[in-house]
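Dear colleague,

Please find the structure below, handed over for your consideration. My notes on it follow directly after.

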Amino acid sequence: MSAPVATKNLIEVRDLQVHFGLNTSFKSRLTGRGGASVKAVDGVSFDLAEGEVLGLVGESGSGKTTLGRALLGLVRPTAGSVKLRGEELVGQPERALRPKRRHLQMVFQDPHASLNPGMTLQTALAHPLQIHKLTSGNAETEAKVRETLELVGLYPTERFATSYPSDLSGGQKQRAAIARAIITGPDLVVADEPVSMLDMSVRAKILDLMIDLKHRIGLTYVYVTHDLASAKFFCDRVAIMYLGRIVEIGTVDEIFENPKHPYTQALIRAIPEPNPDKALPRDLPRGEIPDAARPPLGCAFHPRCPKAFDICGWESRDMRAILEQRWVEGGEDLYNAERPLVGDLEKLDEAGHDAFVPAGSGKDPGALLAMLEKIREEEPDEPLWKGVNAMNAEAHGVRIAFEPGIDPPLYDTDSSRAACLLYKPE
Ligand SMILES: Nc1ncnc2c1ncn2[C@@H]1O[C@H](COP(=O)(O)OP(=O)(O)OP(=O)(O)O)[C@@H](O)[C@H]1O
């Protein structure tokens, strides 16, 4: 789908941050390790034109839902700006946000949980009209409910108006949830995985309905999903998220035809997986997403990146990951030969551009250095070695000095914008 001709921005987001404080123990506060937070959204900026559909795509925990909720004022941002038609929403008291809520609606993943089982659709849909005082009198409310049921394809409307959620199929429930979201005449709808709990057979129908509604009643969508294939079908533009940041943003054509960020490339390679929830990058050097409370230095993706190079942010923790991976893959003999030369691996967990690899008890740091040099020779393609400036034996271990890393902003490429140092201008 090609991008619509942009008219004007409905939403402007600048450097938005949502940090959640972690419950830290008294002891951890005493030892100076308290006050940790998860940077669920960590400096996100984008514009959304009227009538546009923007996909937020990324693995679990990348911050998609928190960003979507922050746009609607359902989560209080820590810092930054969200403007709706030029009007600042961040920092407004609830009293000022309330009248704006009818313009900002959300559709959730689980239609069953989002509908009250004890209410008929007539009652459930009338509720927001009454709260926002959008109709005068029962007859007008009832007519508006019927009109909306018709819009979402729930007809005969007389029958559906008196139905309870338990009378409906999954697809019909999601239609009812969409009806409730659109009945107040919103401008922006954040749809959070709206089809992922539905049968395959009805997913496309619900997305078709949402596209149809966009044209008929002028909606703008933010579509939150794990599933790049559905984003390709539904969106005009896509923002790929990783650990609270947008790492690439572009039109659907740019993202799918010419992905720039190594993370986007890995996500796209994973698309043929029939179960979209499992369609996550499998072919990366290291699989796991890092802890969002302790993001990697430099580019947050560098520990998993097959294309990482010297300035990507190598640090002490990466050395531990590489040693452990080598021993897991290399088998027992390799482990038995190499592991005793190294002391407590937890000492490598502190973030920092210098790594100090302690020698094993009674072991010679020179032997440890020789082992690390041997690993470097055997694994020349391991990107970490590109970032090693020096390795020297000291009294109790080996000190490794890494090239200082750079935390990349979104750079212009010849198509999309990508937060990757491969595109850093000279
Ligand atoms: N209320 C909260 N308190 C503390 N941490 C939170 C809270 N909500 C989200 N997080 C954390 O923020 C990060 C982003 O979560 P979020 O749900 O926004 O990601 P997501 O990409 O939508 O993931 P999923 O696809 O699994 O829903 C995660 O590390 C999550 O654990």
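**Sheet, helix and ligand shell**

Within the sheet, E12 has K83 of β4 as its bridge partner. The model is a predicted one. Strand β1, residues 9-21, and strand β4, residues 79-84, are paired in the antiparallel sense through 5 bridges. Both belong to an open sheet of 4 strands, in which the order is β2-β1-β4-β5 and the pairing is antiparallel. Its edges are formed by β2 (37-49) and β5 (87-88), each of which pairs on one side only. Helix α2, covering residues 64-71, packs on this sheet and touches β1, β2 and β4; the direction of α2 makes an angle of about 60° with that of β2.

Turning to the ligand, 13 residues surround it, and F20, A40, S60, T65 and T66 come nearest. Helix α2 contributes the most to this shell, with 3 residues. At least two residues of the shell come from each of β2 and α2. Sorted by class, the shell holds 8 polar, 4 nonpolar and 1 charged residues.

As to confidence, the protein chain has an average pLDDT of 91, and 91% of the residues score at least 70. Residues 1-6, however, have a pLDDT below 50; beyond near neighbours in sequence, this stretch makes 9 contacts in the model. Predicted coordinates should not be read in detail where pLDDT is low. For the model as a whole, the scores are ipTM 0.97 and pTM 0.90.

With kind regards

Notes. Residues are numbered from 1 along each chain as its sequence is written. This is a predicted model: local features need pLDDT of at least 70, side-chain atom pairs count only at pLDDT 80 or more; totals for chains, interfaces and linings use all residues. Two strands pair if DSSP finds at least two bridges between them. Two residues are in contact if their C-beta atoms, placed from the backbone, lie within 7 Å. Axes are lines fitted to C-alpha atoms, for helices over the stretch in contact, and angles run from 0 to 180 degrees between N-to-C directions. pLDDT is the predictor's confidence in each residue, from 0 to 100. A residue is near a molecule or strand if its C-beta atom, placed from the backbone, lies within 6 Å of it. Ala, Val, Leu, Ile, Met, Phe, Trp, Tyr, Cys and Pro count as nonpolar, Asp, Glu, Lys and Arg as charged, and the others, Gly among them, as polar.
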